[in-house]
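Here's a quick tour of the fold you have on screen. Keep the viewer open and click along as you read.

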Amino acid sequence: MLKRKIAINKKAKNWQDRYPLVSVEWFDICSDSSWQSPQSVMSATLPICITKGHLLSQTKGIIRIFGDMSKNDKGELEEVGNTTLIPWSVVKGIKKI
């Protein structure tokens, strides 16, 4: 999985073509309040998470994804829900599904 931008087709006539389905692999922040040796902390790794959804945008250092949507009477995208914002600084890779 490469860390690259996915093209959003702003001229697409329907929302499915405009907002592609993607899978984003990203490093999560991890904390632990227990007592540990420095060696234990140094050997700890970050968990890798995967988020899938429709790509809304990739601007200002943030990937914006939505999982749910509502359409108007014309079948056009009206509102989005189940949104996730992921900073590019933690992204391991993104690919189109």
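A residue is called buried when its relative accessible area is under 20%, exposed when that figure is over 50%, and partly exposed in between. By that yardstick S57, with 15% relative accessibility, counts as buried. One thing to keep in mind throughout: this is a predicted model.

**The overall picture**

- The protein chain has two helices and five strands.
- Reading from the N terminus, the order of elements is α-β-α-β-β-β-β.
- How does the radius of gyration compare with that of a compact globule? For 97 residues, a compact globule would come out near 13 Å, but this protein chain has 17 Å.
- Along the principal axes, the C-alpha atoms of the protein chain fill a box of roughly 60 × 25 × 25 Å.
- Buried residues account for 26% of the 97 residues in the protein chain.
- Take the contacts in the protein chain between residues at least 6 apart in sequence: 59% of them join residues at least 24 apart.

**Strand β1 and its two partners**

- Strand β1 covers residues 21-27 and pairs with strand β2, residues 48-59, in the antiparallel sense over seven bridges.
- If you want to find that pairing on screen, L21 has H54 as its bridge partner in β2, and S23 stands opposite K52 in β2.
- Strand β1 also pairs with strand β5 (residues 91-96), again running antiparallel, and here five bridges join the two.
- For a landmark on that side, look at V24, whose bridge partner in β5 is I94.
- Is β1 enclosed or open? Five of its seven residues are buried, so β1 is largely enclosed by the rest of the structure.

**The β2-β3 hairpin**

- Strand β2 is joined to strand β3 (residues 62-71) by five bridges, and the two run antiparallel.
- H54 is a handy residue to click on: in β3 it stands opposite F66, and in β1 its bridge partner is L21.
- Together β2 and β3 form a hairpin with two residues between them.
- K60 sits in the loop between β2 and β3. This residue has a positive phi of about 50° although it is not a glycine.
- K60 has a relative accessible area of 81%, so it counts as exposed, the cut-off for that being over 50%.
- S57, the buried residue from the start, is found in strand β2.
- What does S57 touch, leaving aside residues up to four places away in sequence? The list is I8, I62, I63 and R64.

**Strand β4: L77 and N82**

- L77 has its place in strand β4, which covers residues 77-87.
- With a relative accessible area of 24%, L77 is partly exposed; to count as buried, a residue would have to be under 20%.
- Not counting residues up to four places away in sequence, L77 touches W15, Y19, F66, M69 and S70. One of these, F66, is the residue opposite H54 in the β2-β3 pairing.
- L77 and I29 are 48 residues apart along the chain, and their C-alpha atoms are separated by 33 Å.
- N82 is also in strand β4. Its phi is positive, about 50°, although N82 is not a glycine.
- Buried or exposed? N82 is exposed, with a relative accessible area of 56%.

**The largest pocket**

- The largest pocket has a volume of about 150 Å³.
- Which residues line it? The lining is made up of C30, S31, D32, Q36, V41, A44, T45 and L46.
- Sorted by class, that lining has four nonpolar, three polar and one charged residues.

How values were computed:
Residues are numbered from 1 along each chain as its sequence is written. This is a predicted model: local features need pLDDT of at least 70, side-chain atom pairs count only at pLDDT 80 or more; totals for chains, interfaces and linings use all residues. Side-chain values use heavy atoms; hydrogens and water are left out. Two strands pair if DSSP finds at least two bridges between them. Helices (H or I, at least four residues) and strands (E, at least two) are DSSP runs, numbered from the N terminus. On a 1 Å grid over the protein atoms alone, a cavity is a set of points where a 1.4 Å probe fits but cannot get out, and a pocket is an open set with protein on both sides within 12 Å along at least five of seven lines; lining residues have an atom within 4 Å of a point. Grid points are joined across faces, edges and corners, and a volume is the space filled by probe spheres set on the points. Ala, Val, Leu, Ile, Met, Phe, Trp, Tyr, Cys and Pro count as nonpolar, Asp, Glu, Lys and Arg as charged, and the others, Gly among them, as polar. The radius of gyration is taken over C-alpha atoms; the globule rule is 2.2 Å times the number of residues to the power 0.38. Buried means under 20% relative accessible area, exposed over 50%, partly exposed in between (1.4 Å probe, protein chains only). Contact means heavy atoms within 4.5 Å.
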